Amino acid sequence: MAVTYSIPRGTYDILPDKSFIWQYVQGLFRETAAEFGYSEIVTPIFENADLFERSVGDTSDIVEKEMYKFHDKKDRVFALRPEGTAPVVRSYVENSMHTLGGIQRLYYMGPMFRYDRPQKGRYRQFYQYGVEAIGSNHPYIDAEVIALQYTFLKKLGLKNIQLEINSLGNKASTDSYNKALAEYYAPHADKLCYDCSIRLEKNPRRLLDCKVPTCKELVAEAPVMLDYLDEECRTHFESVQTYLKGMGVEYTINPRIVRGLDYYTHTAFEFLNNYLGSQNAVGGGGRYNSLVEQIGGKDAPGIGFAGGFERLLLSLEEENLFMGNSFHPDVYVAVLGEESLLKAVHLMQQLRLKGIKVEYDPDKNSMKAQMKAADKAHATYALIVGENEINSGLYVLKTLTEGKQESLSLEDIITRLGR
RNA sequence: GUGGCUGUAGCUCAGUUGGCAGAGUACUUGAUUGUGGCUCAAGUUGUCGUGGGUUCAAGUCCCAUCAGCCACCCCA
């Protein structure tokens with residue numbers, strides 16, 4: 001009998017009433033990226049699993065428990081991509097993009113996959129947009145990447161979004177900081193929560209992220225990363241800020257920003273939105289100066305960000321932006337009488353060839369039903385094709401907002417509406 | 001992966017101590033022979049998330065399961 005299928009957990013359909021907004025938002029991102037000189041790169045949705053295991057960090061949650069891993073028929077091990085940076089860097093290396101000279105400015109958009117428990121603003125298949133700038137360690141590039149995302153969010157009209165930045169330093173300053181953290185925490189080890197006791201061993205930085213009250217107390221007194229930056233890292237971070245100010249980008253410094261992926265160095269940043277509950281990160285990124293080499297390429301510095309479209313749309317909804325938009329035809333055609341249809345299909349096609357959006361419903365016959373449908377479709381005009389019109393060659397064109405109508409020839413209709 | 005709340009018409013939801021499955025909205029038609037929006041009238045729409053159990057009788061009680069939401073976790 002009838003088998004019913006349901007969508008996989010943590011996924012969703014984008015229906016026509018929402019796809020309009022998706023197109024708008026995606027288009028705006030493309031535009032903004034282009035204004036900053038970025039070109040699109042498209043990579044596969046799955047990659048060798050170890051690409052992510054090695055780059056993202058095998059102690060990270062993403063790799064430990066959130067990857068959609070599978071074997072193909074020849075037993076190769078792949079993973080649905082959980083994030084966008086590693087594939088882009090893989091492509092950069094594989095296509096020897098360093099030989100193109102200069103800075104490679106790349107952007108991407110598309111679905112990512114993580115096997116996580118779904119919640120509002122958190123899905124198993126979710127859509128990200130992001131950029132990567134590979135080939136320069138200049139602090140201007142850090143500022144450029146941050147400014148790109150900032151500009152995009154501003155253009156959408158979002159107001160309640162904060163930018164927080166931090167510097168994680170280079171390998172040397174990270175090492176000395178980790179050491180200082182370990183020393184600080186050693187006498188308090190028994191007070192840490194279970195997760196933190198593991199973090200202390202594996203990745204002390206992440207201790208700063210903990211929300212358990214007793215751990216938070218300890219974090220308050222803990223050494224601050226920024227105090228452990230060496231001269232070079234400090235001036236880099238300061239220059240980034242100088243350029244951000246020069247571009248009018250508003251930010252605050254948050255020394256606790258850590259970022260979840262292991263490859264980050266130097267500049268790290270997050271865009272936060274305070275009404276999405278615990279899913280408050282709408283985007284973020286940072287510098288990854290050793291990732292290219294780690295993936296097997298000629299050493300090259302890079303920086304990038306990623307943002308989630310779903311959380312963006314939730315933010316837009318929250319701020320009542322772009323809620324009323326949807327597709328609507330220019331002309332809804334009302335056909336009266338079976339014999340008129342043949343003439344009407346010809347007319348409709350002439351209009352479409354001129355770039356006019358035409359809609360017609362063959363299952364509605366009465367004038368009333370068709371006018372009603374025209375109204376519901378939010379058409380700009382109704383075009384009436386009946387016996388009288390066909391005989392005279394003048395068709396009734398009616399504006400649906402004002403209710404004015406006049407009889408026009410096909411040529412006049414096209415000059416009125418065509419583009 | 002852990003804990004909690006919820007699941008009834010396309011949508012939003014009501015449904016009393018277990019006793020005929022409801023409202024609003026949407027949709028279709030009519031009032032108006034070829035003119036929409038407002039109004040009025042009539043009509044259509046249900047595996048009560050799914051599977052089992054208790055009972056004369058289950059939307060209601062019990063168990064399991066699936067899904068959404070919330071918190072944790074993590075992050076987009």
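Reader: With a relative accessibility of 11%, is T174 buried or exposed?
Author: Keep in mind that we're looking at a predicted model. A residue is called buried when its relative accessible area is under 20%. T174 comes in at 11%, so it counts as buried.

Reader: Which helix is T174 in?
Author: Let's look at the company it keeps before placing it. Leaving out residues up to four places away in sequence, T174 touches L168, G169, R205 and M225. As for its own place, T174 belongs to helix α6.

Reader: Which helices do the buried residues of α8 pack against?
Author: Helix α8 covers residues 213-221, and its buried residues are C215, L218 and V219. They span an arc of only 105 degrees around the axis, so they end up on the same side of α8. That fits a simple rule: an α-helix has 3.6 residues a turn, so residues three or four places apart point the same way. The partners that these buried residues of α8 pack against are α6 (171-185) and α7 (194-202).

Reader: And which exposed residues sit on the face of α8 turned away from its buried side?
Author: The buried side of α8 has C215, L218 and V219. Now go round to the face turned away from that side, and the exposed residues there are P213, E217, A220 and E221.

Reader: What are the edge strands of the open sheet of eight strands?
Author: Follow the order of the eight strands, β1-β5-β6-β11-β10-β9-β7-β8, where the pairing is mixed. An edge strand here pairs on one side only, and that picks out β1 (39-40) and β8 (252-253).

Reader: Which residue in β5 stands opposite S39?
Author: Start from the pairing: β1 and β5 run parallel, joined by two bridges. Across from S39, the residue in β5 is L106.

Reader: How many residues of β5 are buried?
Author: In the sheet order, β5 sits between β1 and β6. With β6, it pairs in the antiparallel sense over ten bridges, and F113 stands opposite Q125 in β6 there. The rest of the structure largely encloses β5, because the buried residues make up nine of its ten.

Reader: What angle does helix α1 make with β5?
Author: Helix α1 (residues 16-35) lies across β1, β5 (104-113), β6 (125-134) and β11. Its direction relative to β5 is about 160 degrees.

Reader: Which residue in β11 stands opposite R287?
Author: Strands β10 (residues 281-287) and β11 (residues 302-308) run antiparallel, with five bridges between them. R287 has its opposite number in β11, and that is I303.

Reader: What angle does helix α11 make with the direction of β6?
Author: Helix α11 (residues 309-318) packs on the eight-stranded sheet, touching β5, β6, β9 (265-273), β10 and β11. Compared with the direction of β6, the direction of α11 is at about 110 degrees.

Reader: Which strands stand at the edges of the open sheet of three strands?
Author: This sheet has the order β2-β4-β3 and antiparallel pairing. Two of its strands have a single partner strand each, so one side of each is left without a neighbour in the sheet. Those strands are β2 (46-48) and β3 (69-71).

Reader: By how many degrees are neighbouring strands of this sheet turned against each other on average?
Author: One neighbouring pair is β2 and β4 (residues 77-80), joined by three bridges and running antiparallel, with F46 opposite L80 in β4. Ignoring direction, the average turn between neighbouring strands of this sheet is 35 degrees.

Reader: How far apart in space are V358 and M348, C-alpha to C-alpha?
Author: V358 is in strand β13 (residues 358-359), and it is buried at a relative accessible area of 15%. Not counting residues up to four places away in sequence, it touches V331, V333, M348, L351 and R352. M348 is ten residues away from V358 in sequence, while their separation in space is 6.6 Å.

Reader: What is the radius of gyration of chain A?
Author: Chain A has 15 helices and 16 strands, and its C-alpha atoms fill a box of roughly 95 × 60 × 45 Å along the principal axes. For 419 residues the globule rule gives 22 Å, and chain A is well over that, so it is more spread out than a compact globule. Its radius of gyration is 28 Å.

Reader: What share of the 419 residues in chain A is buried?
Author: On the outside, chain A has an accessible surface of about 21500 Å², with 51% of it belonging to carbon and sulfur atoms. As for the 419 residues, the buried share is 48%.

Technical notes:
Residues are numbered from 1 along each chain as its sequence is written. Chains are lettered from A and ligands numbered from 1 in the order in which they are written. This is a predicted model: local features need pLDDT of at least 70, side-chain atom pairs count only at pLDDT 80 or more; totals for chains, interfaces and linings use all residues. Side-chain values use heavy atoms; hydrogens and water are left out. Two strands pair if DSSP finds at least two bridges between them. Helices (H or I, at least four residues) and strands (E, at least two) are DSSP runs, numbered from the N terminus. Contact means heavy atoms within 4.5 Å. Axes are lines fitted to C-alpha atoms, for helices over the stretch in contact, and angles run from 0 to 180 degrees between N-to-C directions. The radius of gyration is taken over C-alpha atoms; the globule rule is 2.2 Å times the number of residues to the power 0.38. Buried means under 20% relative accessible area, exposed over 50%, partly exposed in between (1.4 Å probe, protein chains only). Accessible areas come from the Shrake-Rupley method with a 1.4 Å probe; for residues, only the protein chains shown count as cover. The arc is that of the directions from the helix axis to the C-beta atoms.
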